[in-house]
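Ready for some practice in reading a protein model? Work through each exercise with the structure open beside you, and try each task before reading its solution.

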Amino acid sequence: MSKVYSRTDIIDKRQRSQTLVRGLKILELIANGKPNLSVRELAEEVNLPKSVVHRLISTLEGERYVQKNSGKPGYRLGTKLWWLGCAA
């Protein structure tokens, strides 16, 4: 019996951007109901060094994919993700 391969099986892992995958994991974590996590807590959740998560969050915030919560710790999805969702 032959195995059926999905598109993700076919894409060679060497062609994937590790940084992009890490940033997407952070976005998914925030989207899945964990909006009040600090950078340290996010780092623990995605099993990455705090310095890496800080750099990713800073980039995502600068590009408006996430926004820092006002009055409480953590981040929420930003306006650019809303815009992308509307365009999909």
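Two residues are in contact when heavy atoms of theirs lie within 4.5 Å. Keep in mind that this is a predicted model.

**Exercise 1. Find out how many helices and strands the protein has, and their order.**

Step 1: Count the elements; there are five helices and two strands.
Step 2: Start at the N terminus and read along the chain, which gives α-α-α-α-β-β-α.
Step 3: Look at burial as well: 25% of the 88 residues count as buried.

**Exercise 2. Check the span of helix α4 against its number of residues.**

Step 1: Helix α4 covers residues 50-62, which is 13 residues.
Step 2: The expected span is 1.5 Å times one less than the number of residues, so α4 should span 18 Å.
Step 3: Compare this with the model, where the end C-alpha atoms of α4 are 18 Å apart, which agrees.

**Exercise 3. Work out which residues of α4 are buried, and what covers them.**

Step 1: Take buried to mean under 20% relative accessible area. In α4, this picks out Val52, Val53, Leu56, Ile57 and Leu60.
Step 2: Look down the axis of α4: the buried residues fall within an arc of 125 degrees, so they line one face of the helix.
Step 3: Recall a general rule: an α-helix has 3.6 residues a turn, so residues three or four places apart point the same way.
Step 4: Turn to the other side of α4, where Lys50, Ser51 and Gly62 are exposed.
Step 5: Use contacts to find the cover of the buried residues, which includes the helices α2 (18-31) and α3 (39-46) and the strands β1 (66-68) and β2 (75-77).

**Exercise 4. Describe how α3 and α4 cross.**

Step 1: The axes of these two helices come within 9 Å and cross at roughly 110 degrees.
Step 2: That makes α3 roughly perpendicular to α4, since angles of 65 to 115 degrees count as such.
Step 3: The crossing of α3 and α4 is right-handed.
Step 4: From α3, the contact is made by Val39, Arg40, Leu42, Ala43 and Val46; α4 contributes Lys50, Val53, His54 and Ile57.

**Exercise 5. Place proline 35 and find its contacts.**

Step 1: Proline 35 is in the loop between α2 and α3.
Step 2: Its relative accessibility is 28%, so proline 35 counts as partly exposed.
Step 3: Setting aside neighbours within four places in sequence, proline 35 is in contact with Ile30, Asn69, Pro73, Gly74, Tyr75 and Arg76.
Step 4: Consider proline 73: it lies 38 residues from proline 35 along the chain, and their C-alpha atoms are separated by 8.6 Å.

Notes: Residues numbered from 1 in each chain as written. Predicted model: local features only at pLDDT ≥ 70, side-chain atom pairs only at ≥ 80, totals over all residues. Heavy atoms only, no water. Helix = DSSP H or I, 4+ residues; strand = E, 2+ residues; numbered from the N terminus. Buried < 20%, exposed > 50% of the residue type's maximum accessible area, 1.4 Å probe, protein only. Arc of directions from axis to C-beta. Axes fitted to C-alpha atoms, helices over the stretch in contact; angles between N-to-C directions. Parallel < 35°, antiparallel > 145°, perpendicular 65-115°, else oblique. Left-handed = near helix turned anticlockwise from the far one by under 90°.
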